[in-house]
Structure formats: structure tokens, C-alpha cells
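Work through these exercises with the structure open beside you. Try each task before you read its solution.

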Amino acid sequence: MWLPCRCTSKTIVTSYARRVFKSYFCVFGRWKCDVAALMPEAVGFEGVKDCSSLQEFSVSNSASFWAAAARHRLSWIKPFHTVQDCDLSLGRIKWFEGGQLNVSVNCLDRHVDTCPERVALIWERDEPGSEIKAAPGDDMSPRKPVETAWREKGDCVTIYMPPCPLAVASMLACARIGAAHNVSSTVITVNQGVRAGKVTELKRTVDAAVKDCPSVQQVLVAMRTENPVTMTAKDMDMEEEMLKEDVVCEPEAMDSEDVLFLLYTSGSTGKPKGVVHTQAGYLLYAALTHRYVFSYQDGDVFGCVADIGWITGHSYSVYGPLANGGTTVLFESTPIYPDPGRYWEMVQRLKINQFYGAPTAIRLLLKYGDQWVQKYDRSTLKTLGSVGEPINTEAWEWYHRVVGDGRCPVVDTWWQTETGGICITPRPSDPEIVPGMAMRPFFGIKPVLMDTEGKVVTSNPASGALCLAQPWPGMARTIHNNHERFIETYCQPHPGYFFTGDGAYRSKEGYYQITGRLDDVINVSGHRIGTAEIEDVVNQCSAVAESAVIGYSHDIKGQGVYTFVVLKKDADDQEADLSQQLNNMVSKNIAKYACPDFIQFVQRLPKTRSGKIMRRVLRKVVERDLDGLGDLSTLDDPAAVQEIIQGHRKLC
Ligand code: ATP
Ligand code: MG
């Protein structure tokens, strides 16, 4: 196994960091801060005087660190007696045993009592300007359905809903009564979804699925639109049911390690994995990362635009912000509806302070031009976040310079469904942030790089397979009904370490950069290179909106480079001239061997619903293995694949 090596030249010293966090300063490479102001529970940790020593303490005294955080940040029904009982080589991960708590109480009740007027949710509906704000006492708030929860402890409930307060309410209702949300005897859905002005028939999809799932006994249907849908014998009107119920629903006392939810991975590399997260550790990790990675302050409006059906939506639209007593935005629409200014108009109208989105959307908006951003007042923005894929240099710089006016730190957050929350990321208070680098591990996280022989690389700079050397509370506990697959996938490749499947580069300063998935490394004429590295160069061409590079079997070179390119809006007529230009760019910036053998211009790339490019599908198209396209259940738009198949036939 070889690992790609990337390095970035520019360093941005965040003037923002100095301005807002006056108590921080960096002297002789140490990262100073007022620990009491930053993290009150850290006062008294031995030897902790600044942020650097706090980070070191959190790793070398992980149990003390997490115990203090758990006591300080969560409300417990019964205190835990054992902080951790983990063995990564066996796939045994247990945190806060003996403890009991209720997640909905932590996300809701305790904040309702202290701040009843606070807006907890802002539902940014599809039509701009039609948002609904839900304070804890309102009907739209999660509290009401939580209080009218209908199932028994231990049940499973599948939630198939667009981002809306009732979806959050349903998640918290499950948490309240101790039902894991996802696979189930009960389904909660809406009659129809609305996105970019188009209606999707969610209930019809559920009807079809329920036919094949005899275990489903009831389907609760909420009304997102006014259009009636056919109700079957299993269906119940959710709002009517809620009215019938008693208004008091006492929270169940849940053990720390009871299942909170199971959620499928995006399916970028294969069949999605049903990842299981448990109560206390997950909630603590979501809350702590939300607070520190984004420098979330009480009263801020947090705008994570991910769908709540993706882990990003779970951790940073729902659990993290709500556990912190924050105000969170649920975004129902798309970045270009009704026009490419949608995000920034929303930032202005809702006065969003932290904006968290995916590189795919940034690349899309970049191609429409700066004017859509500059039209709107973005002065409330403090932090910009990116998640889901490597963010290419051009997109990072545009995000920072245009969207953030050069004053908002960009936090490129690396994590996975399996990690529960952000693991490697810059923090706004960092003395420096290097574009496109995920920079530093979060508290309690110890990344290591493995070389091709499975040995930990200790020198810098270095590249390697990214593993995490010790457990943290937010990590997944298992794969649903398949603990063997969990062990094989994450624990066996490097026994004693959590194997992420991603590659990383570590600079001489010790900063991390995610170089992409290890599966996406190709070998051309004996040179091994990460496809993300070639994409980064191709994307720097002013006519290119985005690209995807894959390797294909080549008689002479071992593997050839096949590049799919999407052009910017007004560049469609330049295809003929561009091929040579792109070759020159790759040759100059990387090497001649990395130049594409084929460039296929396409209208769009196949993506998962969470916005990631499905390179495995592209590989199969190029290999002409159309029967082997694999699991397409998370593919956003199947038509994109058909277009690419036709284009490929013409080209080769
Ligand atoms: P599957 O595991 O089913 O193939 P997936 O890995 O895309 O799908 P997620 O858990 O949604 O499912 O995504 C996690 C992956 O996304 C990471 O392993 C990494 O490859 C990529 N990723 C996430 N954030 C970043 C980031 N900031 N920079 C680079 N890559 C990222
Ligand atoms: Mg994955």
C-alpha cells in the first residue's frame, strides 16, 4: 500500500482568531489560552496551562478528561462508575458504564427550564422567507410530540422525513422512551416532501417498502403539504395521534451504552454500513465538538445545511446544538433554489453565525460567480465549516475569501459516520489555518499514520493510512447485526487501532491533511498517486466546476488516468481546447505520468445523497461492468449514471 503525499504552501493566520479570542496568543509555538474561560471543567487538570497542554492532557489522560467533560456537560439520572472499558483489538467499546441519562432531557428539558423563550429550531422551509421558529413552549417544538411518545422502551422506529421540526421531535421522542431510531416496527414519515419547488412522494416510497417488511406494524404520517395521500390499514395520522395522547411522558432512564440510533454510511465505497451509536458517549462527543470546533457561543444561530438523515445532520443539526442549548437551522431546500444566492440570503435573514456545508455545494456555487454572495449581508458569520470530502484549494479559497470576506476561519472538518463527530479539524482559535488542511486532532483524539508495512510512522513530514490510536466516547460501537464486519473493517487491519480507510499527510509542523480514501489511490507506471491530488489540479482550471479521477486497467502503465470533468455554466463550448490545457496543468503541477489518458466532459457526476462523488460507479462504467455497479440505494440521481454510460461509449 502506498499513500499519496500532498502539501499546501499557503498559511492563513486568522486575524479573526486574534480579534475574537483575545485571551489566546501563540508564543514560541505553544498555543496559549485561558483554560478556565475555554473549558471550565479542565481547571485543575495537572499541568494544563494552555490549549496545547489541554490537548496533550486529553490524549494522555483520556479517562480523566472525558470523565470531567461528561460530569460537566451532561445531566445524569445516575452517575457512571466506570469511565471506559475499551479494547480496540477486540472491538469492545464501552463508555460511562453504570450511568443512566435521557438524551431528550439533555437536549430539551434542561434548557426549557432555564431558557423557555429560546428559539431551539429554525425550520428554513423550501420557500425563502417562510421559515418557522420553534421555541420550547411552541406547538412546533419537539417538546409536544416528545411528550406524546407512543412506543415502548427497546422498540425500533424508522424515521423517513425531510428536515423539519417533527423529524427532530420524532428523534427526541424515540430517545425519550428508549426506542432506537432506524430499523423497526414503526415508521414515521410525511405525506410528501418539498425541495426546490418539487414535490416528492415520500409516503408512496414508504408504502412500497412496507409491503416487503412484515415487521412494520404501524406508519405514522405527518402532513408536510396539504395534498391528501392514500392511507392504508397500518397508517395513522401523526398529528391526530399526538392530540389523543396524554401530555406527560416521563423520560426513560437509559443506560449509557443503550443504543441511541443506527444510521447508514453514505455508500460511497460500497454497500452502506448500519453504524450503531449509543447514548452518553455519542451525545457528549457531539456536544463538545459542536461547541469547540465552531466556537459556538450561547445565543448564536448555527446553520448546518446537511440533511438530517446524514450523520452530519444528526450530530450538528440536532444532537450537538440542542445538547448545548443552542439555536439550530433545519434546511429543507437546495443551495440553488430559487437562485444561487439561497444560502447567503438565508444567512442574512436568519443572522446565521456558523455556516456548515459540503464542498460539493461550495464548488457548485463558485461556478455561478461572486455576485450571488456579495448581494447579501454576511456580517453575522463567524465560522465557516466544510465536511464530507476533501475541499479542493480553489473551493477553500473562494469560501474563505468571498463567502467569509477573508475574515471567517474555515474549518475543514474530517470525520465519518463511524466517528460520531468531528475528529481532525482546525479550530477558529488556532493561531494558523492552512487552506485545505484538517490541521489538528480534536480533544482526546490521537491520529497516527501507518506505513505500508503496518508500522506507525513517527517522523514528519509523512504520509500514511490514517488510524486513530485510542478510543473516544463518540465512536461507533458496532455495525447493526454484524459485529464481525465491524471488527474486520475497523479493528483488524491494524490491531489495536481504529482504521479509518482514509489516507493522510502530516506536515513538518505536525498538521494533518486528508488525502482521500485509500481505495482511491492509483498506480500509474509505478507511481502511486491519490486521485484527489489530480482532481485538485484539474479543478483549478477556471473553466472547470468539478472533476472526478479514477484509475482503469492499462496494458502498459498498469493503471491509466480517466478524468470526468464538469464545466462551469458558460464554458460548455470550450471542451476541445481544454483537454490540452488540463494535461499541461497536471504535468506542470504534479508530473507527466499523472496526465489524464481520457477526459470525458459530463453534465454532472454521480453523487450520494450526502453529496459525495461515487467513484466506484465511475470505475465500473469505465471497466464496462454495468452489471456490477453495486448498491445504488444512496445514489442521488440515477440519470447521471445513464448520461455517463452514453458519453463513455462515444469516447472509447
Ligand atoms: P461508505 O463508508 O458507505 O463508503 P462514506 O465513507 O462516504 O460512505 P460517511 O461516513 O458519510 O460515508 O463519510 C466519511 C468519509 O467522508 C470519510 O471517511 C472521508 O473519506 C470523507 N470525508 C469526510 N470529511 C472529510 C474532509 N473534511 N476531508 C476529506 N474527506 C472527508
Ligand atoms: Mg466510510
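The exercises below treat helices, single residues and backbone geometry in a predicted model.

**Exercise 1. Two packed helices**

Task: Describe how helix α5 and helix α11 pack, using their axes and the residues in contact.

Solution:
- Step 1. Know what to look for. Two packed helices are described by the angle between their axes and the distance between the axes.
- Step 2. Find the helices. Helix α5 covers residues 103-114, and helix α11 covers residues 311-323.
- Step 3. Take distance and angle. The two axes come within 8 Å and cross at roughly 55°. That angle makes α5 oblique to α11.
- Step 4. Give the handedness. The crossing of α5 past α11 is left-handed.
- Step 5. List the residues. From α5 come V103, N106, C107, R110 and H111, and they meet Y319, L322 and A323 of α11.
- Step 6. Sort them by class. The contact of α5 with α11 has five nonpolar, two polar and one charged residues.

**Exercise 2. Another partner for α5**

Task: Repeat the analysis for α5 and helix α7.

Solution:
- Step 1. Helix α7 spans residues 165-177.
- Step 2. The axes of α5 and α7 come within 7 Å and cross at roughly 120°. The roughly perpendicular range is 65 to 115 degrees. The helices α5 and α7 are therefore oblique to each other.
- Step 3. α5 passes α7 in a left-handed crossing.
- Step 4. On the α5 side, the contact uses V103, S104, V105, C107 and D109. On the α7 side, L172, A175 and R176 take part.
- Step 5. By class, the contact of α5 with α7 has five nonpolar, one polar and two charged residues.

**Exercise 3. The buried side of a helix**

Task: Which residues of helix α8 are buried, and which strands do they pack against?

Solution:
- Step 1. Locate α8 at residues 202-211.
- Step 2. Pick out the buried residues: L202, K203, V206 and V210.
- Step 3. Check their directions. They cover an arc of only 90° around the axis, which puts them on the same side of α8.
- Step 4. Turn to the face pointing away from that buried side. There sit the exposed residues R204 and K211.
- Step 5. Find the packing partners. The buried residues of α8 pack against several strands, including β8 (156-160), β10 (186-190) and β13 (218-222). Also among them are β11 (193-195), β12 (198-200) and β14 (235-237).

Now try helix α16, residues 483-491. Its buried residues are F486, I487, Y490 and C491. Their arc is only 100° around the axis, which puts them on the same side of α16. They pack against β4 (92-97), β28 (478-479) and β29 (498-506).

**Exercise 4. Two buried residues in contact**

Task: Where do S317 and C304 lie? What does each touch, leaving aside neighbours within four places in sequence?

Solution:
- Step 1. Place them. S317 is part of helix α11. C304 belongs to strand β18 (residues 301-304).
- Step 2. Test burial. The cut-off for buried is under 20% relative accessible area. S317 has 1% relative accessibility, so S317 counts as buried. C304 is at 1% too, so C304 counts as buried.
- Step 3. List the contacts of S317: C304, A306, I308, T312, T328, V329 and L330.
- Step 4. List the contacts of C304: T312, Y316, S317, V329 and Y356.
- Step 5. Compare sequence with space. C304 and S386 are 82 residues apart in sequence, but their C-alpha atoms are 9.9 Å apart.

**Exercise 5. Unusual backbone geometry**

Task: Which peptide bonds here are cis, and which residues have a positive phi although they are not glycines?

Solution:
- Step 1. Recall the background. Most residues other than glycine have a negative phi, and most peptide bonds are trans.
- Step 2. Look at Y337 and P338. A cis peptide bond joins them, with omega about -5°. P338 is in the loop between β19 (327-331) and α12 (342-350).
- Step 3. Look at N460 and P461. Their peptide bond is cis too, with omega near -10°. P461 is in the loop between β26 (456-457) and β27 (462-468).
- Step 4. Turn to phi. S295 has a positive phi of about 50°. S295 lies in the loop between α10 (279-293) and β18.
- Step 5. K351 has a positive phi of about 55°. K351 lies in the loop between α12 and β20 (354-357).
- Step 6. Add exposure. S295 is buried, at 8% relative accessible area, whereas K351 is exposed, at 53%.

Notes: Residues numbered from 1 in each chain as written. Chains lettered and ligands numbered in written order. Predicted model: local features only at pLDDT ≥ 70, side-chain atom pairs only at ≥ 80, totals over all residues. Heavy atoms only, no water. Buried < 20%, exposed > 50% of the residue type's maximum accessible area, 1.4 Å probe, protein only. Helix = DSSP H or I, 4+ residues; strand = E, 2+ residues; numbered from the N terminus. Arc of directions from axis to C-beta. Contact = heavy atoms within 4.5 Å. Axes fitted to C-alpha atoms, helices over the stretch in contact; angles between N-to-C directions. Parallel < 35°, antiparallel > 145°, perpendicular 65-115°, else oblique. Left-handed = near helix turned anticlockwise from the far one by under 90°. Nonpolar A, V, L, I, M, F, W, Y, C, P; charged D, E, K, R; others polar.
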